[in-house]
Amino acid sequence: MIAVLRRLQASPRMMALADQVIVSACNFFTTLITARLLSVEGFGQFSLAIMGTLFAANLHRAVLTQPMNVLGATEGPSQLALRVLSLLKVHLFAIPLAACFIAVLSYHLFPSVAMFIAVVWYLAGFFLQELLRRYWYVRGQLGYAFINDVISYGGQLLLMLLVEWVWELDRVNVFIVMGITSWLGFLVGLMKVEWPRPRVSSSLWQTLSQHWRIARWLVLTVLAVWGAGQVYPFLIASLGPVVVATFSASKNILNVIGILVQSFGNYLPGRAALLLKEQGKQALRRHMLVTLGQSGLASFGLFVIVLWLAQPLLHLLYGGTYDHAAYLLQILAVGASCTILGAALGAYSLAMEDSRSNFLANLGATAMTFTAGLWLIREYGVEGAAIATSLSLATAMLLQALLVFLRYRSLPEGVQRA
């Protein structure tokens, strides 16, 4: 294990990929285990709660950790540590705000005081653990981030299985377990931060002002992305937790594409931007066509596999509980295929210094969600939600393609970027 870790540390790109695999795989299996062990109604309520925490986490990332990635990249270790110290203090306000959001969600979707407390416990630990995880990325110490995620994400799987073995896993103690390992990851990471002496921090207002200049577009993008597809479990909540559970079980299988989508975001923008700078517009075009061709093949392959194996996959992963959802999985696979292509297109937009196209594409998809999507849900229930999800994601992908084309055409021939 130590030898493997040393080899990964020698290649930052492989270390980042390994870290992302840990996070994505553990999240996938966490959802899989809860779907197999909880009742269908319990899994439906768990799904709504976890989607609520994911929304809060996306806003947390947009306001705090992503701006830290940008601002901290040009700061020395002491300055960056002081920024982290200020952000830790910001959480004295961020966590109560998130708790208020979860309280509203709990009142309407999972009315249980015990579950509300467990979800807030987990979300607080996740916020803090994620802050330190991103700190290690900014410092370039990906090995610490990897260890942190093994403790947090890998630990939650082991502890969940232990709880099920000695007691019984339910919708409440799932969040307690995830909270325990998130807090443990945070505390271990905290001990490894090289704090400056004396330990002073900058003004909280100054820190938030710096972050907000970057975060405002990111927050709008988060809202647009959620409207483009993530919001559907909430839109069908009125149909009951059993329907939500069926929809979420199908969607979870397709979350495996997250590794590919995240890889596009991590690698493609920098590579494509460098190619544009050094070799110009035509070289970027060739690279883009090759990547989109490969992404198209991957998308088509995913769709064909799901089309043929939807029911066997559901039976294998969920033990027969959700076999009847095969048609939902097949419909949702169309949207997942569009997501792969959209992620590649979005990466090239960033390479061409167009940070608005992702927001605009998802804004168009949000309009689709709250017009045709709501009508489809009202007329066809959960099947309509699956169709609407794929339509929204296809809309985002097509708009992103149009915006990439327009941006590319606006570039001068033979451009050399400074």
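This report walks through two helices, two empty spaces and a handful of single residues in a predicted model.

Some ground rules come first. Residues are numbered from 1 along each chain as its sequence is written, and side-chain values use heavy atoms, with hydrogens and water left out. Because the model is predicted, local features need pLDDT of at least 70 and side-chain atom pairs count only at pLDDT 80 or more, while totals for chains, interfaces and linings use all residues.

## Two helices

Helices here are DSSP runs (H or I, at least four residues), numbered from the N terminus. Let's start with α13, residues 326–351. What span should the 26 residues of α13 have at 1.5 Å a residue? The expected span is 1.5 Å times one less than the number of residues. For α13 that gives 38 Å, and its end C-alpha atoms are 38 Å apart, which agrees. There is still a bend of about 25° at Ala 333 in α13, where a bend is the angle between axes fitted to the seven residues ending at a residue and the seven starting there.

Is α13 enclosed or open? In α13, 19 of the 26 residues are buried, so this helix is largely enclosed by the rest of the structure. Buried means under 20% relative accessible area, exposed means over 50%, and partly exposed is in between (1.4 Å probe, protein chains only). After α13 comes Glu 353, which has a positive phi, near 60°.

Now look at α14, residues 357–410. It has 54 residues, yet its end C-alpha atoms are only 14 Å apart, short of the 80 Å that a straight helix would reach. Where does α14 bend? Find Tyr 380, where α14 bends by about 150°.

## Two empty spaces

How do you find a gap inside a protein? Rolling a probe the size of a water molecule over the atoms shows where empty space is left. The search uses a 1 Å grid over the protein atoms alone: a cavity is a set of points where a 1.4 Å probe fits but cannot get out, and a pocket is an open set with protein on both sides within 12 Å along at least five of seven lines. Lining residues have an atom within 4 Å of a point. Grid points are joined across faces, edges and corners, and a volume is the space filled by probe spheres set on the points.

The second largest pocket holds about 320 Å³ of space. It is lined by 15 residues, and His 60, Val 63, Phe 93, Ala 94 and Leu 97 lie nearest its centre. Two or more lining residues come from each of α3 (40–72), α4 (77–109) and α8 (204–230). That lining has 14 nonpolar residues, one polar and no charged ones. For these classes, Ala, Val, Leu, Ile, Met, Phe, Trp, Tyr, Cys and Pro count as nonpolar, Asp, Glu, Lys and Arg as charged, and the others, Gly among them, as polar.

How many cavities of 30 Å³ or more are there? The count comes to one. The largest cavity has a volume of about 40 Å³. Its lining is made of Trp 136, Tyr 144, Ile 147, Asn 148, Gly 185, Val 188, Gly 189 and Lys 192. Both α6 (142–166) and α7 (171–192) supply at least two of these residues, and α7 gives the largest share, four residues. By class, the lining of the largest cavity has four nonpolar, three polar and one charged.

## Some single residues

Here are four partly exposed residues.

| Residue | Place | Relative accessibility |
|---|---|---|
| Phe 101 | helix α4 | 28% |
| Val 150 | helix α6 | 33% |
| Gln 262 | helix α11 (residues 258–279) | 30% |
| Gln 141 | loop between α5 and α6 | 24% |

Contact means heavy atoms within 4.5 Å. Not counting residues up to four places away in sequence, Phe 101 touches Gly 52, Phe 55 and Ala 56. The C-alpha atoms of Phe 101 and Gly 52 are separated by 8.4 Å, though the two are 49 residues apart along the chain. Val 150 is in contact with Ile 22 and Gly 155, leaving aside neighbours within four places in sequence. Its C-alpha atom is separated by 8.4 Å from that of Asp 19, 131 residues apart along the chain.

Finally, is Arg 133, in helix α5 (residues 113–139), buried or exposed? At 4% relative accessibility, Arg 133 counts as buried. Leaving aside neighbours within four places in sequence, Arg 133 is in contact with Asp 19, Gln 20, Val 23, Ala 145 and Asp 149.
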